[in-house]
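Me: I've got a model open and I keep tripping over the labels people attach to it. Can we go through what justifies them?

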Amino acid sequence: MAKKHPEGYLSARESRRISKENRRITAQFEKKRKRKKVPESEYLTQMHDSANAVEFDNLHTYFFTDAGTVKSVDGVTFDVPLGKTVGVVGESGCGKSVTSLSLMQLLQRPQGQVVEGEIRLNLGDGKAYDIAKTPNETMQSLRGNFISMIFQEPMTSLNPVFRIGDQLDEVIELHDGEGKSKEDIKRRTIELLEMVGIANSEGVYSMYPHELSGGMRQRVVIAMALACNPKIIIADEPTTALDVTIQAQVLDLLRGLKDKINSSIMFITHDLGVIAEMADYVVVMYAGRVVEKGTAQDIFTNPAHPYTIGLMASKPVVGKQVDKLYSIPGKVPNPVNMPNYCYFKDRCEMQCADCAGQYPKEVSISDTHKVSCYRYYEKNRKGGEA
Ligand SMILES: Nc1ncnc2c1ncn2[C@@H]1O[C@H](COP(=O)(O)OP(=O)(O)O)[C@@H](O)[C@H]1O
Ligand SMILES: [Mg+2]
């Protein structure tokens, strides 16, 4: 009798075959990417709405691993309007970071590749680039100047062996240093440190990262992200590594800065409470897809997707006594082997007969509020659902 293997088991032979196939696929992507002097016309595009800073359009980002293709982002579409904050929320592993890394073109290559879709970046004056096709050289000048990123763990963004001042000076010199003397650059660094609420800015200028507390370090990282007045800031779980009081301070800081700098912010978190404080618009992701999106008002007063409803229910509420906090049953499907029906179906407590069919299309609940769920299809609504 043949030996029974657990689900997901790969024989050495199969694994070799996948790995060879992956090399073939990624080599094609890499070859395209490494071309020199790509004409601008190849990546020039048009925004669908000039009031948006970024438009993700049917983005697919896959990782070609030896265990199979991980469809980390599998058809994500949403907009980041100019000057607004968009909160991207979803549990760990749902593809939030991969979405933002696709925009920065900082995916782990060669295995990580944008395989389909567009990311339109509004450069102003009617000009836009499709980031999915933009070559490295051009990207270099956009990163930092135009789009910048605040990462989760400040210690991984700061170099432990250089002083804070030198690290900030370097950013300014590299991206914005033309015609500036050393003194000018230092003045700008001090100004930035003060802007993010560091009182002893001269002192901190000559300190090493380990001499600062976690909150201070995150402030420095935020200063670094703001150094070149970027139009778009991606904050990827900027407060997750901090303790709660510091988290509140850093959120306050970001909220204050939001009005001052007038940039668009893509705020990524798994914490709905943080989203409620920060975001104008909310995008809810589940297993590499957007399941619901709308204004913060839409999502918080009228959550529609069973996943969003579950997330809301699993949030503690001050003053409300419960024996046990709600948790969504089951687990996320294996990203290498996604089902061909709704990815949330197996965990859903509100499913209907249609849910076994193909993945639900997005339906509009209002002009701003969209959801991908069969419960909101016309024929299912007649059942008198809430
Ligand atoms: N370098 C990588 N190689 C393979 N898989 C990856 C890589 N980076 C991320 N993934 C996978 O992509 C999925 C989404 O990850 P991520 O975007 O980091 O999640 P999160 O929403 O928590 O930020 C996860 O299933 C993760 O395992
Ligand atoms: Mg992440």
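What follows is a run through those labels, with the reasoning behind each.

Reply: Sure, and keep in mind that this is a predicted model.

Me: Let's start with the whole protein. What makes its radius of gyration agree with that of a compact globule?

Reply: The protein has 386 residues, and for that length a compact globule would come out near 21 Å; the value here is 23 Å, which agrees. Along the principal axes, the C-alpha atoms fill a box of roughly 70 × 55 × 50 Å. The secondary structure comes to 13 helices and 13 strands.

Me: What share of the residues is buried?

Reply: Buried residues are 38% of the 386; the label needs 20 or more other C-beta atoms within 10 Å. As for contacts with a separation of 6 or more, 66% of them join residues 24 or more positions apart.

Me: Now the helices. Why are H8 and H9 called roughly parallel?

Reply: Helix H8 covers residues 214-226 and helix H9 residues 244-261, and they pack at an angle of about 20 degrees. Angles under 35 degrees count as roughly parallel, so H8 and H9 get that label. Their axes are 10 Å apart, and H8 passes H9 in a right-handed crossing.

Me: Which residues make the contact?

Reply: On the H8 side they are Gly 214, Gly 215, Gln 218, Arg 219, Ile 222 and Leu 226. H9 brings Ile 246, Gln 249, Val 250, Leu 253 and Ile 261. Sorted by class, that contact has six nonpolar, four polar and one charged residues.

Me: How do you know whether Ala 27 is buried or exposed?

Reply: Count the neighbours: Ala 27 has 11 C-beta neighbours inside 10 Å. The cut-off for exposed is 12 or fewer, so Ala 27 counts as exposed. Ala 27 sits in helix H1, residues 12-33. Its C-alpha atom is 23 Å from that of Asn 337, with the two positions 310 residues apart along the chain.

Me: And Glu 42, what makes it buried or exposed?

Reply: Glu 42 has 12 C-beta neighbours inside 10 Å. Exposed means 12 or fewer, so Glu 42 counts as exposed. Glu 42 is in the loop between H1 and strand S1 (44-45). From Glu 42 to Phe 78, 36 residues apart along the chain, the C-alpha separation is 23 Å.

Key: Residues are numbered from 1 along each chain as its sequence is written. Chains are lettered from A and ligands numbered from 1 in the order in which they are written. This is a predicted model: local features need pLDDT of at least 70, side-chain atom pairs count only at pLDDT 80 or more; totals for chains, interfaces and linings use all residues. Axes are lines fitted to C-alpha atoms, for helices over the stretch in contact, and angles run from 0 to 180 degrees between N-to-C directions. Helices (H or I, at least four residues) and strands (E, at least two) are DSSP runs, numbered from the N terminus. Angles under 35 degrees count as roughly parallel, over 145 as roughly antiparallel, 65 to 115 as roughly perpendicular and the rest as oblique. A crossing is left-handed if the near helix is turned anticlockwise from the far one by less than a right angle, and right-handed if clockwise. Two residues are in contact if their C-beta atoms, placed from the backbone, lie within 7 Å. Ala, Val, Leu, Ile, Met, Phe, Trp, Tyr, Cys and Pro count as nonpolar, Asp, Glu, Lys and Arg as charged, and the others, Gly among them, as polar. The radius of gyration is taken over C-alpha atoms; the globule rule is 2.2 Å times the number of residues to the power 0.38.
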